[in-house]
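The following report walks a newcomer through one protein chain, beginning with a single residue and widening to the whole. Please keep the structure in view while reading.

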Amino acid sequence: MDYKCHCSLNDNMQSNAILYNILSRADGDSFTPHRCHCEIRRTVCLKTPNATCQVASDVLVKTIHFMKSLPAFQQLPPKDQLALLGSCWAPLFILGLAQERVSFEVADSPAASMLKRILLNCHQDTEARREQPTLVGVHKLKSCLQKFWSLDLSPKEYAYLKGTMIFNPDVPDLKAALFIEGLQREAQHALREVLLPLHPNDRGRFARILLTASFLKTITSNLITELFFRPVIGQADLQELLAEMLFSR
């Protein structure tokens, strides 16, 4: 679907009157700036952040634990482990959400005060530079979860699929790229083999699983970070926290 925002003209007309409206409000009435209602720009946040972030944190811990539990992964050079972590943690997390059948709802993000944004020169602000979760991004995520739920994968199918995601030889600057490529082939073979006794009459299931997994690439790690973990970690760097979790004993 091609998402296009049609609010640009309204934004241009509104921006010319923003400062005037702010400075001329001597009666104390609050001024509500124009907010885009197009899905591609409409920013959202979790409706129940406390409960959802706790569940998301549990899924993330299980995700890192799964990676650490793989003997083949532990044999890789630390730099390769770190590179693979950066590449696969978000897809693995989404698979974890699907496997745990985690559902969540979002609401419109509260609008920042326009006067505050002007005075703080928000284009210089770190938080403002982050890509905020949008409704279209959340729709992509929920659509991906629905696709996996419709497949109704078994725990073994999820495990071997995660293996194919972890051992990605296309990640740049890997020292053991050939070894990792072999591990990915082994994971794909194991996934195909486990399907035979589970779904003997469904010869197209392997292709459907891989096709569904390809949709994971359309969901950015930034969306996952800002939606599920920013309310918990604040200004901290999630990548650094993940690295600490990976190499901790």
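## A strand residue and its surroundings

With a relative accessible area of 17%, Val-106 is buried. This residue belongs to strand E2, which covers residues 106–108, and the model in which it sits is a predicted one. Once the neighbours within four places in sequence are left aside, Val-106 is in contact with Val-44, Cys-45, Leu-46, Lys-47, Leu-135, Val-138 and Leu-227. Pro-133 lies 27 residues from Val-106 in sequence, and the two are 9.9 Å apart in space, counted from C-alpha to C-alpha. Cys-45, one of the residues that Val-106 contacts, is itself partly exposed, with a relative accessible area of 27%.

## The chain as a whole

The secondary structure comes to 12 helices and two strands, and from the N terminus on the elements follow the order α-β-α-α-α-β-α-α-α-α-α-α-α-α. Of the 249 residues in the chain, 40% are buried. Among contacts between residues at least 6 apart in sequence, 83% join residues that are at least 24 apart. The structure holds zero disulfides.

How high is the average pLDDT of the chain? The average is 86, and 76% of the residues score at least 70. Over residues 26–34, however, the pLDDT is below 50, and this stretch has 12 contacts in the model beyond its near neighbours in sequence. Where pLDDT is low, the predicted coordinates should not be read in detail.

## Helices H2 and H4

Helix H2 spans residues 49–68 and contains Thr-63; Val-61 also has its place in H2. Is Thr-63 buried or exposed? Thr-63 counts as buried because its relative accessibility is 6%, which is under the 20% limit for that class. Val-61, by contrast, is partly exposed, with a relative accessible area of 47%.

Thr-63 touches Trp-89, Leu-92 and Phe-93, when residues up to four places away in sequence are not counted. Phe-93 also figures in a pairing with Val-61, since these two are 32 residues apart in sequence and 9.3 Å apart in space, C-alpha to C-alpha.

Helix H4, residues 78–99, has a kink of about 50° at Cys-88, and this kink comes shortly before the proline Pro-91. After H4 the chain reaches Arg-101, whose phi is positive, near 55°.

## A pocket and a buried loop residue

The second largest pocket has a volume of about 420 Å³. It is lined by 21 residues, of which Pro-91, Met-165, Asn-168, Ala-213 and Lys-217 are the closest to its centre. Which elements supply at least two residues each to this lining? They are H4, helix H8 (155–166), helix H9 (177–198) and helix H10 (205–214), and the largest share, six residues, comes from H4.

Leu-216 lies in the loop between H10 and helix H11 (221–233), and at 1% relative accessibility this residue counts as buried. Not counting residues up to four places away in sequence, Leu-216 touches Pro-91, Ile-94, Leu-95, Cys-144, Phe-148 and Met-165. Two of these contacts, Pro-91 and Met-165, are also named among the residues closest to the centre of the second largest pocket. Another of them, Cys-144, is buried as well, with a relative accessible area of 2%. The C-alpha atoms of Leu-216 and Lys-140 are separated by 9.3 Å, although the two residues are 76 apart along the chain.

## Two loop aspartates

Most residues other than glycine have a negative phi, and most peptide bonds are trans. Against that background, the table sets out two aspartates whose phi is positive.

| Residue | Loop | Phi | Relative accessibility |
|---|---|---|---|
| Asp-152 | between helix H7 (135–151) and H8 | near 55° | 53%, exposed |
| Asp-173 | between H8 and H9 | near 65° | 76%, exposed |

Asp-152 thus lies in the loop that leads from H7 to H8, whereas Asp-173 lies in the loop between H8 and H9. Asp-173 counts as exposed because its relative accessibility is 76%, and the value of 53% places Asp-152 in the exposed class too, for which the limit is over 50%.

Definitions and conventions:
Residues are numbered from 1 along each chain as its sequence is written. This is a predicted model: local features need pLDDT of at least 70, side-chain atom pairs count only at pLDDT 80 or more; totals for chains, interfaces and linings use all residues. Side-chain values use heavy atoms; hydrogens and water are left out. The bend at a residue is the angle between axes fitted to the seven residues ending there and the seven starting there. Helices (H or I, at least four residues) and strands (E, at least two) are DSSP runs, numbered from the N terminus. pLDDT is the predictor's confidence in each residue, from 0 to 100. Contact means heavy atoms within 4.5 Å. Buried means under 20% relative accessible area, exposed over 50%, partly exposed in between (1.4 Å probe, protein chains only). A disulfide is a pair of cysteine sulfur atoms within 2.5 Å. On a 1 Å grid over the protein atoms alone, a cavity is a set of points where a 1.4 Å probe fits but cannot get out, and a pocket is an open set with protein on both sides within 12 Å along at least five of seven lines; lining residues have an atom within 4 Å of a point. Grid points are joined across faces, edges and corners, and a volume is the space filled by probe spheres set on the points.
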